[in-house]
Amino acid sequence: MQHFPNLCAHVRGELSKVLIGQAEVVDQLLIVLACGGHALIEGEPGLAKTLAVKALARVCGLEFRRVQCTPDLMPADITGTNVFNLGTNSFDLHRGPIFTDLLLVDEINRTPPRTQSALLEAMEEGQASIDGVCHLLPPSFTVLATQNPIEFEGTYPLPEAQLDRFLLKIRIQYPSEAQEVEILSRYDQGFDPRRLQSMPLETLPAGLLAAARAEVAQVTVEPTLCSYAVSIVRRTRDWPAIALGASPRAAVGLFFVARALAAMDGRGFMLPDDIKTAALPVLRHRLMLKPDATLDGLTPDLVIQQVLSSVDIPQVYKSGQ
């Protein structure tokens, strides 16, 4: 196992020229790319969510497009539309921003359900329907959608079925005091995030991302660990504080993310700790807490930690065999 660790080391090093801290966020973004999934990024305004995604696309050599969601955004604004060409007396397809490798959907909960559904089809099927015709999207098509956790007026919250389509929910936290001082110091030295293209960021070697994805798929997973992941997911369905537990798709996501974490660590085999590390970002957006649990101050992350503590770790690893 060397391709994925090499990719991670390269991307971490290059993004450190642009981002201060946020190491966990960068690793989770890399896992999304390695697994071929999509992610919901949640954080307060001004935490460099857009900058992180743009820099990631630049370093990985991926085509990048951005959509700013508004209440009047229509599906055709994202997918594209057929426009009549007077010169050829025929309709030409004008492809929308969805035809790209890495699509950043800013404030996805500000766009109406009809437009959200167009994104859902693209995420799940890898295609876009335009005037009844399906058009395939690039093989590396990835959606990274942002969401503001503090403003809900005039928004369209994503339904549970649509949230389940996101492999991870990534939370961006405020930087430490020292990191904020470093941010100001970089601006004082001339840093300008609006001129990202002029920054000396080294792109990944050709084929490394594809090789990393193939390497992740080769990680060995023992049957006991599959049972362990399923036990965690099934425990959420009868947990007292949870009104809606995780779906079988959550178990699949837990499996894929844990396998990627093993490859990121340079291992060709999965450990229980990989599953435990994957649990929070994989499950936090797939659980619906009961109202009384929320009033008691419980959060999805706290409940997931409780669930993990209640499930026995496979004995084969406890005994060191």
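This passage describes the empty spaces, the charged pairs, the cysteines and two single residues of a predicted model.

Empty space was examined first. Rolling a probe the size of a water molecule over the atoms shows where such space is left. A search of the whole structure gives one cavity of 30 Å³ or more. The volume of the largest cavity is about 40 Å³. Its lining is made up of L19, Q22, V25, V26, L29, L47, A48, A52 and I172. Helix α2, which covers residues 23-35, gives the most to this lining, with three residues. Sorted by class, the residues around the largest cavity are eight nonpolar and one polar, with no charged residues.

The largest pocket was treated in the same way. Its volume is about 630 Å³. A total of 28 residues line this pocket, and those closest to its centre are P45, G46, L47, A48 and K49. Three elements give two or more residues to the lining, namely α3 (49-60), β8 (142-147) and α7 (177-188). Of the elements, α7 gives the most, with five residues. The lining of the largest pocket divides into 14 nonpolar, eight polar and six charged residues. Two residues appear in both descriptions: L47 and A48 belong to the lining of the largest cavity and are also among the residues closest to the centre of the largest pocket.

Charged side chains were considered next. Side chains of opposite charge can pair when their charged atoms come close. The count for the model is 16 salt bridges. One of these joins the side chains of E14 and K17, with a distance of 3.0 Å from N to O. The two partners fall in separate accessibility classes: E14 has a relative accessibility of 9% and counts as buried, whereas K17 is partly exposed at 40%.

A second salt bridge is formed by D164 and R286, whose closest N and O atoms are 2.6 Å apart. This pair links distant parts of the chain, the two residues being 122 residues apart. D164 lies in the loop between α6 (160-163) and β9 (168-171), and R286 lies in the loop between α11 (272-283) and β11 (288-289). The cut-off for a buried residue is a relative accessible area under 20%. D164, at 10%, is therefore buried, and R286 is buried as well, with a value of 8%.

A third salt bridge connects the side chains of R267 and D274, at 2.8 Å from N to O. R267 counts as buried at 13% relative accessibility, and D274 is buried with a relative accessible area of 5%. Some salt bridges share partners, and in this way E42, K169, R171, R284 and D301 are joined into one network.

The cysteines were checked for disulfides, and the count is zero. The case of C226 illustrates this result. The closest cysteine sulfur to that of C226 belongs to C35 and lies 15 Å away, which is too far for a bond; the cut-off for a disulfide is a pair of sulfur atoms within 2.5 Å. As for accessibility, C226 counts as partly exposed at 32%. By contrast, C69 counts as buried, with a relative accessibility of 2%.

Two single residues complete the description. T142 has its place in strand β8, one of the elements that give two or more residues to the lining of the largest pocket. The relative accessible area of T142 is 1%, so this residue is buried. The side chain of T142 reaches the backbone oxygen of S140 at a distance of 3.1 Å. L15 is found in helix α1, which spans residues 3-15. L15 is buried too, with a relative accessible area of 3%. Along the chain, L15 and L62 are 47 residues apart, and their C-alpha atoms are separated by 15 Å.

Conventions: Residues are numbered from 1 along each chain as its sequence is written. This is a predicted model: local features need pLDDT of at least 70, side-chain atom pairs count only at pLDDT 80 or more; totals for chains, interfaces and linings use all residues. Side-chain values use heavy atoms; hydrogens and water are left out. On a 1 Å grid over the protein atoms alone, a cavity is a set of points where a 1.4 Å probe fits but cannot get out, and a pocket is an open set with protein on both sides within 12 Å along at least five of seven lines; lining residues have an atom within 4 Å of a point. Grid points are joined across faces, edges and corners, and a volume is the space filled by probe spheres set on the points. Helices (H or I, at least four residues) and strands (E, at least two) are DSSP runs, numbered from the N terminus. Ala, Val, Leu, Ile, Met, Phe, Trp, Tyr, Cys and Pro count as nonpolar, Asp, Glu, Lys and Arg as charged, and the others, Gly among them, as polar. A salt bridge is a side-chain nitrogen of Lys or Arg within 4 Å of a carboxyl oxygen of Asp or Glu. Buried means under 20% relative accessible area, exposed over 50%, partly exposed in between (1.4 Å probe, protein chains only). A polar contact is a pair of N or O atoms within 3.5 Å; within protein, one must be able to donate a hydrogen and the other to accept it, and residues adjacent in sequence count only if both atoms are side-chain atoms.
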